[in-house]
Amino acid sequence: MGFKDWVIDFFSSFLIVIRRMILLIFTPYKTMRKISREKDFSQIVILLGLIFVYFQLSHYYRKEDFSGLIVYLIFLFGLFSTTGFFYFIARVFRQKTTFLSFLFCFTYSMVPTLIWFMSNFILYLVLPPPRTMSILGKGFSIFFTAYSLSLLLWKVILFFLSVRFSSRLPFFKILYMIFLYLCWFVPYSIVLYQLKIFRVPFI
Amino acid sequence: MDVGRVAFQKKLNEVFYLEPNNLGVGFLTNFYKRIVAHFKIAPFIIIIPFSFIFAGMVYLLLGYLLVKLVSLLQYGF
């Protein structure tokens with residue numbers, strides 16, 4: 001495959017990623033079902049590339065010891081650990097699952113996280129904290145809470161669908177898997193917070 | 001005709017890709033299906049009003065603490 005073909009493939013994958021990011025807003029169920037059958041690695045590279053750009057940008061304003069690259073590598077470790085964990089548990093319950101399906105779904109489920117962190121970063125520059133008790137301060141606080149909660153609920157839906165379509169397990173087994181996952185992920189997040197790597201877990 | 005059959009077969013494969021969820025108890029399964037149906041297509045129609053109502057209620061309950069929490073979250077990027 002020549003360079004020209006590679007560029008065309010890359011841009012078509014980029015367009016698919018943008019299209020799916022929009023479709024995940026309107027038809028999360030149908031879109032996640034398609035994503036779980038995906039095999040185009042360029043899409044993962046593009047999404048992880050966007051997250052890498054965010055970490056590099058935010059690093060200039062965070063003023064902390066860890067470089068953007070180290071924080072990004074820790075994020076990658078978390079993502080692959082999560083994927084590996086769910087894949088392993090799903091294999092215990094059921095034989096017919098693939099690691100790729102989990103990887104694609106979990107990478108796409110990072111979209112709400114990326115949007116929240118990116119918008120929070122922009123808001124930090126435009127309206128730097130702390131907020132005050134003025135009417136505008138209160139109004140912004142209510143808006144920001146509602147905005148964050150909306151993205152969190154969207155994230156929960158995508159996360160659940162990721163596990164559902166990748167593992168193809170029933171509801172209670174998925175709940176059990178998520179409970180087991182939180183058993184190690186919550187202490188892991190607290191350790192990262194104590195080390196001042198992530199104030200809010202990049203999940 | 002064959003094209004139509006292939007498309008129909010493809011659609012069926014998509015629909016039956018997953019076994020339907022069964023929570024064990026009839027009314028629970030029905031309740032689950034009713035709730036989940038709203039989240040399959042355009043979930044933000046429900047999520048956005050719910051979030052604003054919830055945020056307003058939290059502000060009425062916590063007041064200044066919510067403003068402080070938002071300040072903390074803004075440092076969380």
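Which helix of chain B does Gln74(B) lie in? I looked there first and found Gln74(B) in helix H4 of chain B. I note at the start that this is a predicted model.

**Entry 1: Gln74(B)**

I asked whether Gln74(B) is buried or exposed. I counted 20 other C-beta atoms within 10 Å of Gln74(B). The cut-off for buried is 20 or more, so Gln74(B) is buried. I then looked up its contacts, leaving aside neighbours within four places in sequence. They are Asn120(A), Leu123(A), Tyr124(A) and Pro129(A). I also checked Gln74(B) against His38(B). The two are 36 residues apart in sequence. In space they are 31 Å apart, C-alpha to C-alpha.

**Entry 2: the cis bond**

Pro129(A), one of the contacts of Gln74(B), led me to the next item. I looked at the peptide bond from Pro129(A) to Pro130(A) and found it cis. Its omega is near 5°. Pro130(A) has its place in the loop between H6 and H7 of chain A. I keep in mind that most peptide bonds are trans.

**Entry 3: chain B as a whole**

How many helices and strands does chain B have? I found four helices and zero strands. Along the sequence the pattern is α-α-α-α. The radius of gyration of chain B is 21 Å, well over the 11 Å that the globule rule gives for 77 residues, so chain B is more spread out than a compact globule. The C-alpha atoms of chain B fill a box of roughly 65 × 35 × 20 Å along the principal axes. Of its 77 residues, 14% count as buried.

**Entry 4: chain A as a whole**

I ran through the same items for chain A. I found eight helices and zero strands. From the N terminus on, the elements run α-α-α-α-α-α-α-α. A compact globule of 203 residues would have a radius of gyration near 17 Å; chain A has 18 Å, which agrees. The C-alpha box of chain A is roughly 55 × 50 × 35 Å, taken along the principal axes. Buried residues make up 30% of the 203. I also looked at contacts in chain A with a separation of 6 or more. Residues 24 or more positions apart account for 74% of them.

**Entry 5: where the chains touch**

How many residues of chain A are in contact with chain B? I found 34, and they meet 32 residues of chain B. On the chain A side, the elements giving two or more residues are helix H1 (3–26), H2, H6 and H7. H7(A) gives the most to this side, with 13 residues. By class, the chain A side has 21 nonpolar, eight polar and five charged residues.

**Entry 6: the largest nonpolar core**

I looked up the largest nonpolar core and found 47 residues in it. Among those with the most contacts inside it are Met32(A), Phe86(A), Phe102(A) and Trp154(A). Which elements give two or more residues to this core? From chain A I listed H2, H3, H4, H5, H6 and H7. From chain B I listed helix H3 (44–62) and helix H4 (64–74). H7(A) supplies the largest share of the core, 13 residues. I keep in mind that in soluble globular proteins, nonpolar side chains tend to be buried together.

I followed up Met32(A), leaving aside neighbours within four places in sequence. Met32(A) is in contact with Cys105(A), Leu158(A), Leu161(A), Ser162(A) and Phe165(A).

**Entry 7: H1(A) against H2(A)**

At what angle do H1(A) and H2(A) pack? I read about 140°, with the axes 6 Å apart. That angle makes H1(A) oblique to H2(A). H1(A) brings Arg20(A), Leu23(A) and Leu24(A) to the contact. H2(A) brings Pro28(A), Thr31(A) and Ile35(A). The contact has four nonpolar, one polar and one charged residues.

**Entry 8: two positive phi values**

I looked up Arg168(A) and found a positive phi of about 55°, although Arg168(A) is not a glycine. It lies in the loop between H7 and helix H8 (171–194) of chain A. Arg168(A) is partly exposed, with 18 other C-beta atoms within 10 Å.

Lys196(A) came next. Its phi is positive, about 60°, and Lys196(A) is not a glycine. I found Lys196(A) in the segment after H8 of chain A. With 11 other C-beta atoms within 10 Å, Lys196(A) is exposed. For context, most residues other than glycine have a negative phi.

Notes
Residues numbered from 1 in each chain as written. Chains lettered and ligands numbered in written order. Predicted model: local features only at pLDDT ≥ 70, side-chain atom pairs only at ≥ 80, totals over all residues. Rg over C-alpha atoms; globule rule 2.2 N^0.38 Å. Buried ≥ 20, exposed ≤ 12 C-beta atoms within 10 Å, placed from the backbone. Core = buried A, V, L, I, M, F, W, Y, C linked by C-beta atoms within 7 Å. Contact = placed C-beta atoms within 7 Å. Nonpolar A, V, L, I, M, F, W, Y, C, P; charged D, E, K, R; others polar. Axes fitted to C-alpha atoms, helices over the stretch in contact; angles between N-to-C directions. Parallel < 35°, antiparallel > 145°, perpendicular 65-115°, else oblique.
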